[in-house]
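Dear colleague,

Here is the structure I said I would pass on to you, and below it you will find my notes on what turned up when I went through it. Please read them with the coordinates open.

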Amino acid sequence: MSELQTFRHYQISQDAQGAAVEVWRSGHEVVCLVWDSVRGAFGELHVSIVAAERQMEVRAFQALVKAAAGLRHPNILTVHEGGEDDGANFCVTDLLDGERFDSWLRRCPPLPPWLALQCLSQIASALCVASPHLELLAGVNLMHCGITMCGEDPGRLSVRVADWGLTGPRGPA
């Protein structure tokens, strides 16, 4: 059995071969499943894999994480902490169980008006809560991975603003 990997007070979930369990990987971040020993809950560790010179400056990043961590709303993914470790920006969020909004829309038949309005209402409500933090809104890509649909029952769907672009690249490529 391999030794457990930890990062601060987070235990990084591992598969049978001892590799970290990746929830998501993109061109700018890798997201691993973690157990938060303080909260007693699963979460996601988002780590930037963008070249250091293209990452957000550490103080600016920490200010964004602090702003995002202060947002409490049922339609906003909770950010618990973030910072810089070994040259990479990171943040820890709640575990998000859902599907990206863009792929959900492609998969679903045309939405009935009531369901479209329910989704838009939840997105608008979340963005209103975040509106005092324009620096956060600048990182949200509404039609890409910034919005996640949670749940299968159309009457109980929940929309979550889930990505403020915290670990993405900044500046020209």
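Ala124 is partly exposed, with a relative accessible area of 39%, and its place is in helix 3; please keep in mind that this and everything below refers to a predicted model. Although Ala124 and Asn75 are 49 residues apart in sequence, their C-alpha atoms are 9.4 Å apart in space.

Helix 3 itself deserves a careful look. Its 18 residues should span 26 Å at 1.5 Å a residue, and the end C-alpha atoms are indeed 26 Å apart, so the expected and modelled values agree. The buried residues of helix 3 are Leu115, Gln118, Cys119, Gln122, Ile123, Ala126, Leu127 and Ala130, and because they cover an arc of only 160 degrees around the axis, they are on the same side of the helix. An α-helix has 3.6 residues a turn, so residues three or four places apart point the same way. On the other side of helix 3, Pro113, Leu117, Leu120 and Cys128 are exposed. As for the partners of the buried residues of helix 3, they pack against helix 2, helix 4 (134-137), strand 9 and strand 10.

Helix 3 (113-130) also gives two or more residues to the largest nonpolar core, as do helix 1 (58-69), helix 2 (101-107), strand 9 (147-150) and strand 10 (158-161). This core has 27 residues, of which Val79, Trp104, Leu136, Met149 and Trp164 touch the most other members. Leaving aside residues up to four places away in sequence, Val79 touches Val65, Ala68, Ala69, Arg72, Cys91, Val92, Thr93 and Trp164. Another core, of 9 residues, lies apart from the largest one, and among its members are Tyr10, Ile12, Cys32 and Val92. In soluble globular proteins, nonpolar side chains tend to be buried together.

You may also wonder about the cysteines: how many disulfides does the structure hold? The structure holds 0 disulfides, and the pair Cys108 and Cys119 shows how one possible case fails. The cysteine sulfur closest to that of Cys108 is in Cys119, at 8.7 Å, which is too far for a bond, given that a disulfide needs the two sulfur atoms within 2.5 Å. Cys119 is accordingly in no disulfide, its nearest cysteine sulfur being that of Cys108. Cys108 counts as buried at 18% relative accessibility, because the limit for buried is under 20%, and Cys119 is buried too, with a relative accessible area of 3%.

With best regards

Technical notes:
Residues are numbered from 1 along each chain as its sequence is written. This is a predicted model: local features need pLDDT of at least 70, side-chain atom pairs count only at pLDDT 80 or more; totals for chains, interfaces and linings use all residues. Side-chain values use heavy atoms; hydrogens and water are left out. A nonpolar core is a set of buried Ala, Val, Leu, Ile, Met, Phe, Trp, Tyr and Cys residues joined through side-chain atoms within 4.5 Å. Buried means under 20% relative accessible area, exposed over 50%, partly exposed in between (1.4 Å probe, protein chains only). Helices (H or I, at least four residues) and strands (E, at least two) are DSSP runs, numbered from the N terminus. Contact means heavy atoms within 4.5 Å. The expected span of a helix is 1.5 Å times one less than its number of residues. The arc is that of the directions from the helix axis to the C-beta atoms.
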